[in-house]
Amino acid sequence: MLNNINFLIITACLLFCLIFTSCDEITPPYEKKDTIVVDSSIAKIVIEDYTGFKCLNCPEATQIAHDLQEIYGNDQIYVVSIHAGTFAVPNQFGTTDKYKYDFRTQVGNELNEAMGVKGYPSGTINRITYDGVKPVDRKKWASKVSELINEKVAAPLKIVVAPVYDPQTRKISVEVGLKYIAAASNQNAISVWILEDNFINWQKDGDIDVEFYEHNNILRYSFNGTWGDVVSSNTITVNEEFIKKYSYILPEDSDWTPENLKVIAFVYDNAAAGRILQAEQKAVVIQ
């Protein structure tokens, strides 16, 4: 738990002493390369992948996102799979044995509409607006990510996430610590979500129906709704710290596997068209 945010922040700052290198723009094919060490003081990148299990090309987008994580590191790029739209609608029971699971969430449906997603797969990259829209075609993810990495945009804050799960109470508790290293507006907001890995279910892959497809980074739940919580009603000053606490009790009939859950927390700025400023993700610790 976050008993001493200053201690954790100091520990995180030690990582900044690592040597970092810039990277070349990545173009297809996405061949695996040696991992590039990136300065951890720059803003991390969140790819919100709008997908669906009936979407023929969505596994390709998943692979692109995975390759980018392989190149830049799982701690530099976070991926959220948001099942929404036509290709995420489950089949009715009795019509077929396939595609009956409902991956959708209210938050995912609302974001899908708010972000103006028109085609699948597509994704937002730190919710930045490109050419008047936020969704980016999967074939452009690599170049956009490369641009952000090369820009070395400094993050105005550090985030520490500590999620734990109590099997006795079925409660997931999360403490999120924020420390600002630059002043910020009173329009910063924080979102805290539960994601799940290693969930096996149907998936279209081209013309093939894959029965035992491994779904990862699934958006399962938001602790604080679609748009999160305002960090502070006042202008945020340098070195100002905040601790946010959240909890959720897994329903008795939940098919989520606690060992496969993780929590992502990110702060975005409504004064900057909703751009994500910084993110952090941690696996849920079983008590």
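Strands β5 (residues 157-166) and β6 (residues 171-180) pair in the antiparallel sense over 10 bridges. The model described here is predicted. The points below cover the sheet that holds these strands, the surroundings of helix α4, the aromatic pairs, and arginines placed over rings.

**Sheet**

- Within the pairing of β5 and β6, V164 stands opposite S173 in β6.
- Both strands belong to an open sheet of 4 strands, ordered β12-β6-β5-β15, and the pairing in this sheet is mixed.
- The edges of the sheet are formed by β12 (241-249) and β15 (285-286), each of which pairs on one side only.
- Strands of a sheet pair through backbone hydrogen bonds, in either the parallel or the antiparallel sense.

**Helix α4**

- Helix α4 spans residues 141-151, and 8 of its 11 residues are buried, so the helix is largely enclosed by the rest of the structure.
- The buried residues are W141, A142, S143, K144, V145, S146, L148 and I149.
- These buried residues pack against the helix α2 (58-72) and against the strands β1 (45-51), β2 (77-83), β3 (122-125), β4 (136-137) and β14 (275-283).
- K152 follows α4 and has a positive phi, near 50°.

**Aromatic pairs**

- A search of the whole structure finds 14 aromatic pairs.
- One of them joins W193 and F266 in an edge-to-face arrangement, at 5.0 Å centre to centre and with 85° between the planes.
- W193 lies in strand β7 (residues 188-196) and F266 in strand β13 (residues 261-269), so this pair ties together parts that are 73 residues apart in sequence.
- Both W193 and F266 are buried.
- The ring centres of Y221 and F223 are 5.6 Å apart and their planes lie at 85°; because the cut-off for edge-to-face is over 60 degrees, this pair is edge-to-face.
- Y221 is partly exposed, with a relative accessible area of 26%, whereas F223 is buried, with a relative accessible area of 12%.
- One aromatic cluster is formed by F53, Y99, Y101, F103, F199 and W202.

**Arginines over aromatic rings**

- R220 lies over the face of F199, at 4.7 Å from the ring centre; F199 is one of the residues of the aromatic cluster.
- R127 lies over the face of Y268, at 5.5 Å from the ring centre.

Methods. Residues are numbered from 1 along each chain as its sequence is written. This is a predicted model: local features need pLDDT of at least 70, side-chain atom pairs count only at pLDDT 80 or more; totals for chains, interfaces and linings use all residues. Side-chain values use heavy atoms; hydrogens and water are left out. Two strands pair if DSSP finds at least two bridges between them. Helices (H or I, at least four residues) and strands (E, at least two) are DSSP runs, numbered from the N terminus. Buried means under 20% relative accessible area, exposed over 50%, partly exposed in between (1.4 Å probe, protein chains only). Contact means heavy atoms within 4.5 Å. Rings of Phe, Tyr and Trp (its six-membered ring) pair if their centres lie within 6.5 Å; planes under 30 degrees apart count as stacked, over 60 as edge-to-face and the rest as tilted. A charge sits over a ring if NZ of Lys or CZ of Arg is within 6 Å of the ring centre and within 35 degrees of the ring normal.
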